[in-house]
Amino acid sequence: MSYKFLDHATDAIIEVKAKDLHEAFSVTADAVINLTLDQDKVEEKEEKKFSAQGKDLRYLLFSWLEEIPFLLITEGFAIKKIEFDIIQDQDYRINAIAYGEPLDFKKHNFKVEIKAPTFYDMEIKQNGGVFMRFLLDL
């Protein structure tokens, strides 16, 4: 399980490798959080529930990539960890709880604001593991 950042001028391109979908979405969350702030400096003082949904895995990933920066930036909530379930019926849904504390720019070493995820160059492969690549507009 891993993620890496690839150089790009005004975007972050992130590649995730994981053993299954749950781990892939977990690693994706950590990548987004650490792109924004230092996750290891966050304490678990409060919790916030949120959800993501999509008609397929690409839309689910897009929704996930919208919801986490929304919590971090719009709601000013620094995230230490996220617990979640992925539900699949007609479409996909993630029900999640984020644990953390109010964002403190200095304490959490705020780095960059994520403006939006994009479908450009998005890739999800499941073949004995999960590979994801996505681009975030900074």
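Which backbone nitrogen does a side-chain oxygen of aspartate 56 reach at the start of helix 2? Hi everyone, let's start there. This is a predicted model, and in it that oxygen comes to within 3.1 Å of the backbone nitrogen of arginine 58.

Now let's walk along the helix itself. Helix 2 covers residues 57-74, which makes 18 residues. At 1.5 Å a residue, these should span 26 Å, and the C-alpha atoms at the two ends are 25 Å apart, so the expectation and the model agree.

What does helix 2 pack against? Its buried residues pack against helix 1 (21-36) and also against strands 3, 4, 5, 6 and 7. The buried set includes several leucines, among them Leu57, Leu60, Leu61 and Leu65. Phe62, Trp64 and Ile68 are buried too, and so are Ser63 and Pro69. Once you step off the end, glycine 76 sits just after helix 2 with a positive phi of about 60°.

That brings me to two other backbone spots you may like to look at on your screens. Asparagine 109 is a residue other than glycine, yet its phi is positive, near 55°. You'll find asparagine 109 in the loop between strand 5 and strand 6. Its relative accessibility is 34%, so asparagine 109 counts as partly exposed.

And the other spot? Aspartate 121 is found in strand 6. Here again we have a positive phi in a residue other than glycine, this time near 65°. Is aspartate 121 buried or partly exposed? With a relative accessible area of 37%, aspartate 121 is partly exposed.

Thanks, everyone!

Terms used: Residues are numbered from 1 along each chain as its sequence is written. This is a predicted model: local features need pLDDT of at least 70, side-chain atom pairs count only at pLDDT 80 or more; totals for chains, interfaces and linings use all residues. Side-chain values use heavy atoms; hydrogens and water are left out. Helices (H or I, at least four residues) and strands (E, at least two) are DSSP runs, numbered from the N terminus. The expected span of a helix is 1.5 Å times one less than its number of residues. Buried means under 20% relative accessible area, exposed over 50%, partly exposed in between (1.4 Å probe, protein chains only). Contact means heavy atoms within 4.5 Å. A polar contact is a pair of N or O atoms within 3.5 Å; within protein, one must be able to donate a hydrogen and the other to accept it, and residues adjacent in sequence count only if both atoms are side-chain atoms.
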